[in-house]
Amino acid sequence: MRKFLRLAGLLVLLLILAGGATLFLGYRATQQVPDFYDEAIRLEPQVQQEAGDALEQHVLQLHNEVRQSGRWEAVFTDQQINGWLAYDLPRKFTEALPPGVSEPRVVIDSSQARIACRYESKRFRSVISLDLEIHLTEEPNVLAVRIHQARAGLLPLPLKRFLDEISAKAGTADVVVRWSQVEGDPVALVTVPTRHELYPRREVHLETVELRDGEVYVAGRSLEETARQQASADSSGRKRQVQR
């Protein structure tokens, strides 16, 4: 009987140690910080401010081009985006981020954009990252954002909570988001409005969104109402000629 109790006690002790080691390793895994995030966070405040200012200047230039009829284009670097996220976002848009989320950063290459941020609650603290593919769909002005996975440090996380947050934020910003799936990955279908109060009597058509190493390229065309109607009529005429 004593041998049995000793054996049982030894097994319980081993289970406790194994469970403790698993929890410890799991906790350590959640505390790992992506290299790109650590590098972006360490940039000097002056560098961040200058990069953020450059982004705002590019956005203003794009805004002025979109207001005019014709083709427009712009390039935004991930350094400019990170500078704006670091310096301007917490000062000008304090309510933009969900509770517990802070210091978002991004890195862009030719295949994907990777976003990371700090997340803290009463029971949990980590750096959360998301891997995204971004491209235009065949639907006019509809952008597809495919979410590959979410991680807390090195550990994978369920995506549902993040999808709910995205939908909620999109709703408050009057952005239309529909959800689809590709090979099990959720895909957000974001509709970019062709009409906006900032661009009266014009339609804005997004024609290109391209991820490059360290930057994102966007291009499109602004059409006046009369030009849009003429383009539509020309297109209809060509279709009728083909049908004949």
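Seven residues of helix H3 (residues 45-66) are buried in this predicted model: Gln48, Ala51, Gly52, Ala54, Leu55, Leu62 and Val66. Here buried means under 20% relative accessible area, exposed over 50%, and partly exposed in between (1.4 Å probe, protein chains only). Helices (H or I, at least four residues) and strands (E, at least two) are DSSP runs, numbered from the N terminus. Seen down the axis of H3, the buried residues fall within an arc of 155°, so they line one face of the helix; the arc is that of the directions from the helix axis to the C-beta atoms. An α-helix has 3.6 residues a turn, so residues three or four places apart point the same way. On the other side of H3, Pro45, Gln57 and Leu60 are exposed.

The cover over the buried residues of H3 includes helices H2 (35-41) and H4 (78-92), together with strands S1 (70-77), S2 (101-108), S9 and S10, where contact means heavy atoms within 4.5 Å. The length of H3 can be checked too: at 1.5 Å a residue, its 22 residues should span 32 Å, and the end C-alpha atoms are 31 Å apart, which agrees. That expected span is 1.5 Å times one less than the number of residues.

Residues are numbered from 1 along each chain as its sequence is written. Local features need pLDDT of at least 70 and side-chain atom pairs pLDDT 80 or more, while totals for chains, interfaces and linings use all residues, and side-chain values use heavy atoms, with hydrogens and water left out.

Strand S2 also holds valine 101. Leaving aside neighbours within four places in sequence, valine 101 is in contact with Cys117, Arg118 and Tyr119. Glutamate 103, in S2 as well, has a positive phi of about 50° although it is not a glycine, and is partly exposed at 34% relative accessible area.

Asparagine 141 likewise has a positive phi, near 60°. It sits in the loop between strand S4 (125-136) and strand S5 (142-152) and is buried, with a relative accessible area of 4%.

Asparagine 141 also helps to line the second largest pocket, along with Pro140, His205, Leu206, Glu207, Arg221 and Leu223. Strands S9 (202-212) and S10 (215-224) each give two or more residues to this lining, and S9 provides the largest share, 3 residues. A pocket is an open set of points on a 1 Å grid over the protein atoms alone, where a 1.4 Å probe fits, with protein on both sides within 12 Å along at least five of seven lines; lining residues have an atom within 4 Å of a point.
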